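Subject: Structure handover, with notes on two sheets and a cavity

Dear colleague,

I am passing on the structure below, and I would be grateful if you could look through it alongside these notes.

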Amino acid sequence: MQLQVPAITDGIQVTYGLAAIALVAFVVAKLSKRPNLDAIPTVGSSTWLGSWWAGIQFMTKAADVLREGYEQHHGALFKVADLYRWTVIGSGPQFVEDLRKASDDELSFMEATNDNLNIEYTLGHDVHYNPYHVAIIRSQLTRNLEILFPNIRDEVVTAFGEILDLPGNEWKSVPAFQTVQEVVCRTTNRIFVGLPLCRDPDWIDLTNRFTQDVVKEGVMISRFPKVLAPLVTWFMTSVPDSVRRGMKHLSPIIEERRRHLELEYGIDGANKPNDFLSWLMDHPEASESSIKDLTLRILSLNFAAIHTSANSFTQALYNLAMNPQYMQPLREEVESILETDGWSKGALARMRKIDSFLKESQRTEGMACVSLTRKVMKDFTFSDGTVVPKGTVIVAASQATHHDNSIYDNAGTFDPFRFANLHEEDGVGVKHSYVSNTPQYLAFGHGKHACPGRFFAANELKFMLAHIVLSYDIKLEDADTRPQSLHIGINIVAHPTAKVMFRKRAY
């Protein structure tokens, strides 16, 4: 607000003027030090000034640029100008296979993520360089899904009931993304930290804001030379405040669990809470961890889980509200399976139309135009002989792949039961399931760095969709127009303010 006051001082004007000059100088320096990629064809301008302007345009037209490159250079590499660098794009099964087979000291997922979001400064050195919590996701979280299913179910049902607060049988309009985000936040934290914290309004607000803050501040830090990153972090990041706020909630829980580890839970821990916080505390590398470190890792898990799941489910909700004709076949599937199996993880696994609806929504909209982001750690030669130099960021053109008519019939059309029908045709158990990864379906990545939490996320979102079709009628507030996704660079975001109308289902 102060910048809008007419009586702004000359000193402040000079300061901002110098900052602008420094920023321009930094952009020039960054552009001049980009890896030499002259041998790789360019989509857009390859001149210094032209590529700078193309990088600005990429912020709003990334999908169009990548689709053009995909069509012109399918199966080969091309490059596009981002704001401060060239990004190399690849497509086709062989390219994906090359990425999958490359070692981390050749093509690094972690360093690419750090380059994009400055994880070592926002979330901290230990979270970036020693992410032992990821192994817990792959092991305990995935293994315990069947045991945890009643908790997932209870929180989804309770959260929707309390958040929607529907009056009788009347229609009620609610902001879709905000509603979904709160349900996802509560359900996810039911598994991460348990009751009653998962329902605490301040904890919900903190974990929802944390993702936005980390992304915003990571991008902000990247605007400055690397040598200044620690200083910029100290002045500009709100993560330390978020951690202190989180510690107020988690400190008493962690201290209580440590105090009663043997007395209350028994030597074998049979009565210990079965949630991610307990698994984290049990990890050998966390035995001496501070409450601050444990809090930061729980917040980091929320950073990875909440926005992605909320975004994916909101897209599916928009598709269902726009196409009410699909409600009945989904209901029939859910009711038929519940009649024989009841609510269980196994029952969810049999709901192929529910599974397909979510996967098709993610195929058509998705989270981003690209996937399999890697940083080249040393000059790397692809199987076609193309050499990509050290320091390059390389990605797969996932959205263009998902919209390729040679891979998917009528790829531009939302066909909710596409993958359920493919399962019936092929008779293959998991090939077409929501969580499966192939060179033709890259929403969760592919290979060893595929999203480790996708099995939990899929169970959570599948139950949410099954619960909605069983319990509610829904429609769009504006019945003629599906809310359009926002495109910000490579990112695809479900419309953040559109409303969906709910009412209790009339049996």
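The notes that follow cover two sheets, the helices on them, and a cavity.

Please bear in mind that this is a predicted model, in which local features need pLDDT of at least 70 and side-chain atom pairs count only at pLDDT 80 or more, while totals for chains, interfaces and linings use all residues. Residues are numbered from 1 along each chain as its sequence is written, and side-chain values use heavy atoms, with hydrogens and water left out.

Helices (H or I, at least four residues) and strands (E, at least two) are DSSP runs, numbered from the N terminus, and two strands count as paired if DSSP finds at least two bridges between them. One open sheet has 5 strands in the order E1-E2-E8-E5-E3, and its pairing is mixed. At its edges lie strand E1 (78-81) and strand E3 (107-108), each of which pairs on one side only. E1 runs antiparallel to strand E2 (residues 86-90), to which 4 bridges join it, and within this pair valine 80 has threonine 87 of E2 as its bridge partner.

For the helices, contact means heavy atoms within 4.5 Å, and angles, from 0 to 180 degrees, are taken between N-to-C directions of lines fitted to C-alpha atoms, for helices over the stretch in contact. Helix H2 (residues 48-72) lies across E1 and E2 and runs at about 145 degrees to E1. Helix H4 (residues 109-117) also packs on this sheet, where it touches E3, strand E5 (371-376) and strand E8 (393-396), its direction making about 90 degrees with that of E5.

A further open sheet, of 3 strands, has the order E4-E12-E9 with antiparallel pairing. Its edge strands are E4 (172-175) and E9 (472-476), each pairing on one side only. Over 5 bridges, E9 pairs in the antiparallel sense with strand E12 (residues 499-504), and arginine 503 in E12 is the bridge partner of aspartate 473. Helix H14 packs on this sheet, touching E9 and E12, with its direction at about 90 degrees to that of E9.

A cavity is a set of points, on a 1 Å grid over the protein atoms alone, where a 1.4 Å probe fits but cannot get out, and its lining residues have an atom within 4 Å of a point. Helix H14 (291-322) and helix H17 (352-364) each supply at least two residues of the lining of the largest cavity, and H14 gives the most, with 3 residues.

With best wishes
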